[in-house]
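Biologist: Could you take me through the pockets of this protein, and then through what lies around them? I would like the cut-offs spelled out as you go.

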Amino acid sequence: MKTVVIAVLGGLLTLAGIGLLVLPGPGFVLVAAGLAVLATRFSWAKKPLDYAKDKAEQGIEEVGKSPWRAAGAVLAALALVVVGGLALAGVDLPFVNTLSAVVLILSGLFLVGTVVFARRQERLEAAKADRPAGVPGEGGAYRV
């Protein structure tokens, strides 16, 4: 019974995520969540989940390294929040209802959080690389 519940839940999350890849919403996140649920019971789901994790990490690294990509992502996030806010304020927009407006706002906020995380990680990596090597108590890496 547990396997059936996991298969149904993981399948629904994955299918919803695939649908949201072309619609406004956090499609990639739901695909990864669905694969993570499926991977708890099915070994075949671990390979695409690992691939998705690698691609997500590469994307975060790219945004973290490039201020232009980070700025573009923040502008896109602001556009999502503005469109969602306009729809919630009563502006009649095509293909946008209350639910999709909320999803747009949440997607924009999630994107801003991801950009902030990526930029912070990049700064931490740069600071770690600039530490002197082999100095005890300084937190630098001991290099041979």
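Modeller: Happy to: here are the pockets, followed by the surface and the charged pair.

This is a predicted model, in which local features need pLDDT of at least 70 and side-chain atom pairs count only at pLDDT 80 or more, while totals for chains, interfaces and linings use all residues. Residues are numbered from 1 along each chain as its sequence is written, and side-chain values use heavy atoms, with hydrogens and water left out.

Let me set the frame before we zoom in. The protein has five helices and zero strands, so called because helices (H or I, at least four residues) and strands (E, at least two) are DSSP runs, numbered from the N terminus. Read from the N terminus, the order of elements is α-α-α-α-α. Of the 144 residues, 22% count as buried; here buried means under 20% relative accessible area, exposed means over 50%, and partly exposed lies in between, with a 1.4 Å probe and protein chains only.

Now to the pockets. The search runs on a 1 Å grid over the protein atoms alone: a pocket is an open set of points where a 1.4 Å probe fits, with protein on both sides within 12 Å along at least five of seven lines, and lining residues have an atom within 4 Å of a point. Grid points are joined across faces, edges and corners, and a volume is the space filled by probe spheres set on the points.

By that measure the largest pocket holds about 550 Å³ of space. Its lining counts 24 residues, and F28, V29, F110, L111 and T114 lie nearest the centre. Helix 1 (2–22), helix 2 (27–39), helix 3 (46–65), helix 4 (67–88) and helix 5 (98–130) each supply at least two residues of this lining, with the largest share, eight residues, coming from helix 3. Sorted by class, the lining has 17 nonpolar, five polar and two charged residues. In this sorting Ala, Val, Leu, Ile, Met, Phe, Trp, Tyr, Cys and Pro are nonpolar, Asp, Glu, Lys and Arg are charged, and the others, Gly among them, are polar.

The second largest pocket has a volume of about 160 Å³. Its lining consists of E57, I60, E61, G64, F117, A118, Q121, E122 and E125. Helix 3 and helix 5 each contribute at least two of these residues, and helix 5 gives the most, five. Here the classes divide into three nonpolar, two polar and four charged.

F28, one of the residues nearest the centre of the largest pocket, also belongs to a nonpolar surface patch with L15, I18, L21, V22 and L23, which together have about 640 Å² of accessible area. Such a patch joins nonpolar side chains (Val, Leu, Ile, Met, Phe, Trp, Tyr) within 5 Å, taken from residues with over 30% relative accessible area and no salt bridge; the areas come from the Shrake-Rupley method with a 1.4 Å probe. Helix 1 gives the most to the patch, four residues. L15 sits in helix 1 and counts as exposed, at 59% relative accessibility.

Finally, the charged pair. A salt bridge is a side-chain nitrogen of Lys or Arg within 4 Å of a carboxyl oxygen of Asp or Glu, and the count comes to one. E62 and R69 form it, with their closest N and O atoms 2.9 Å apart. E62 is partly exposed at 38% relative accessibility, and R69 is partly exposed at 47%.

Key:
Patch = residues over 30% accessible without salt bridge, like charges linked within 9 Å, V, L, I, M, F, W, Y side chains within 5 Å.
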